[in-house]
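Student: Could you walk me through this model? I'd like to begin with the sheet and then look at the rings.

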Amino acid sequence: MTVDLSVVPLVALSDQSKQCISTLLNPPKVIPSDNGLPRDWRGLAHLSNLSGEMMPLLTTCPDPSAYILTIWRQNQVDITIKDFQTLLEELDRWDIVDDTSELFERDAERYLQELQKSKISAEVIANEIDEKVLTVDDLHRLRQGLETQYYDAFLLYADEDINFATEMVNKLESEYNLKLCLKDRDLIGGVTFEHEAVMTLISERCNRLIVIVSSNILKSPANKFFLNYAQALGIEKCQRKVIPCRYDKCQLPPQLSYMFVLDYTRGGLYNFWGKLRDSVQTLSKSKDTNSVIPEQCALPIKKNNDLNTVEINDERIKTKDDETILKTEKIVREPELSDLNDSKDNTKKSENFLQRTMKKLTRKTENDKKEYIPITETLTLPSLEGLDMLNTSTSVKKKQKSTFIDKYARKVHLKKVLIKS
């Protein structure tokens, strides 16, 4: 692949190429070129438009060719390697052109590669964004202008159970389209305080915490801490945060003894993966729907268009008091704007009728209240000062005795008469 030397500046020449040029141009040549210029460094100095004052300095310089190239490059910034080859052709130095062609191409390729690399620059760190990055997914989403990544569950497992954890990740993510978060896979490098980052993910980014329960789960102090932390979050937020999954026949930790555990070793009709999927999934917020009154609670309503009232009929009326109470419980609605715009007379009639009905209702309520008003006034009884004192104690006794004797005598007399007869 040939490189276009006309776009490569002379500054791209390496030290090896400069040394080769100096070796071939510094020795003086006796035979001039076709244009009468010396075929050595002196002809190069003439074609590079150096002043005559520079010639004495060049004669004393140990490497005049390299010095000429340096000054020429400073005076003409846009000089290219192709321009230098053109000068060599004017001096009839085709030997130098042929000997340096490979060196020039190699220097040009290296220069273009370095130029391409220099165009690629790192992005400036934004502290407000860098603080949010906790996982690899956060990098891709924030570059696209999206929010940070949220997960369905954080998977907590022991290092000895990595095979079952891999199976669970493949099952839930590939078949059930759930998004899991794993510390070893998703956590980004360089995050300060690893435990604090995992706590943030469990509390703010992950809906659930799946715990692979085995005999090795609580051997790690970190796993024990994360499990207790998730349980505390569930109690504080009143959420179902922890989902324990028993992997082998082991004794449950005390923290999980009161929870319903999904058992992987259980056979029969027990669908472990289906129950795990349903346990992880969360319900979205239900949309607002019109509330419907149940039939048992609905009351029969009659609308009176003329009176603009709504009467409530209740079949549970048992006494007159209940009837009067229900009569007072009438809902009077305000007249609609369409009725007001139709005619002014209708509005006046409705208003007058409403006033009359309200007066009647208030009268009834006042009468009812009067009937049930307790008597609170004090009654004045007549005094006993002007009445004669009756001493009837002796007379009553005498009358009682006389009547008793008369009755007894009559009975005795009747008996005697009956005996004689």
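**Sheet, rings and odd backbone angles**

Student: Which strands does α12 lie across?

Tutor: α12 lies across β1, β3 and β4, and runs at about 135° to β3. The axes are lines fitted to C-alpha atoms, for helices over the stretch in contact, with angles from 0 to 180 degrees between N-to-C directions; contact means heavy atoms within 4.5 Å. Helices here are DSSP runs of H or I with at least four residues, strands are runs of E with at least two, and both are numbered from the N terminus.

Student: Anything to keep in mind about the model itself?

Tutor: It is predicted, so local features need pLDDT of at least 70 and side-chain atom pairs count only at pLDDT 80 or more, while totals for chains, interfaces and linings use all residues. Residues are numbered from 1 along each chain as its sequence is written, and side-chain values use heavy atoms, leaving out hydrogens and water.

Student: How many helices and strands are there in the protein?

Tutor: The protein has 17 helices and eight strands. Of its 421 residues, 29% count as buried, where buried means under 20% relative accessible area, exposed over 50%, and partly exposed in between (1.4 Å probe, protein chains only).

Student: OK, the sheet. What's the strand order?

Tutor: The order is β2-β1-β3-β4-β5, an open sheet of five strands with parallel pairing. β2 (180-181) and β5 stand at the edges with a single partner strand each, so one side of each has no neighbour in the sheet. Two strands pair if DSSP finds at least two bridges between them.

Student: What joins β1 to β2?

Tutor: Strand β1 (residues 151-156) pairs with β2 in the parallel sense over two bridges. Phe154 stands opposite Cys181 in β2.

Student: And how many bridges join β3 to β4?

Tutor: Five bridges, between strands that run parallel; β3 covers residues 206-213. Ile210 stands opposite Ile243 in β4. From β3 the chain crosses through helix α12 (residues 221-237) to β4, in a right-handed β-α-β crossover. Right-handed means that, with the strands pointing away from the viewer, the path from the first strand over the helix to the second runs clockwise.

Student: What about the other neighbour of β4?

Tutor: β4 and β5 run parallel and are joined by two bridges. Arg246 stands opposite Asp263 in β5.

Student: How many residues of β4 are buried?

Tutor: Five of its five residues, so to speak a mostly covered strand. In a regular strand the side chains alternate between the two faces of the sheet. In β4, Val242, Pro244 and Arg246 point one way while Ile243 and Cys245 point the other way, and all are buried.

Student: Switching to rings. How many aromatic pairs does the structure hold?

Tutor: There are 11 aromatic pairs. One of them is Phe84 with Phe104, edge-to-face at 6.3 Å centre to centre, with 65° between the planes. Phe84 is in helix α5 (residues 81-90) and Phe104 in helix α6 (residues 94-119), 20 residues apart, which links distant parts of the chain. Rings of Phe, Tyr and Trp (its six-membered ring) pair if their centres lie within 6.5 Å, with planes under 30 degrees apart counted as stacked, over 60 as edge-to-face and the rest as tilted.

Student: Is Phe84 buried or exposed?

Tutor: Phe84 counts as buried because its relative accessibility is 0%. Phe104 is buried too, with a relative accessible area of 0%.

Student: Got a tilted one?

Tutor: Tyr247 and Tyr264 form a tilted pair, 6.3 Å centre to centre with 35° between the planes. Tyr247 is in the loop between β4 (242-246) and β5 (262-263), and Tyr264 in the loop between β5 and α13 (272-280), 17 residues apart. Tyr247 is partly exposed at 28% relative accessible area, and Tyr264 counts as partly exposed at 30%.

Student: Which residues do ring pairs link into a cluster?

Tutor: Phe164, Tyr247, Tyr264, Phe272 and Trp273.

Student: Which residue lies over the face of Tyr176?

Tutor: Arg277, at 5.1 Å from the ring centre. A charge sits over a ring if NZ of Lys or CZ of Arg is within 6 Å of the ring centre and within 35 degrees of the ring normal.

Student: Last topic: what stands out about the phi of Phe193?

Tutor: Phe193 is not a glycine, yet its phi is positive, about 55°. Most residues other than glycine have a negative phi. Phe193 is in the loop between α10 (183-186) and α11 (194-205), and counts as exposed at 62% relative accessibility. Cys238 also has a positive phi, near 55°; it is found in the loop between α12 and β4 and is exposed, with a relative accessible area of 71%.
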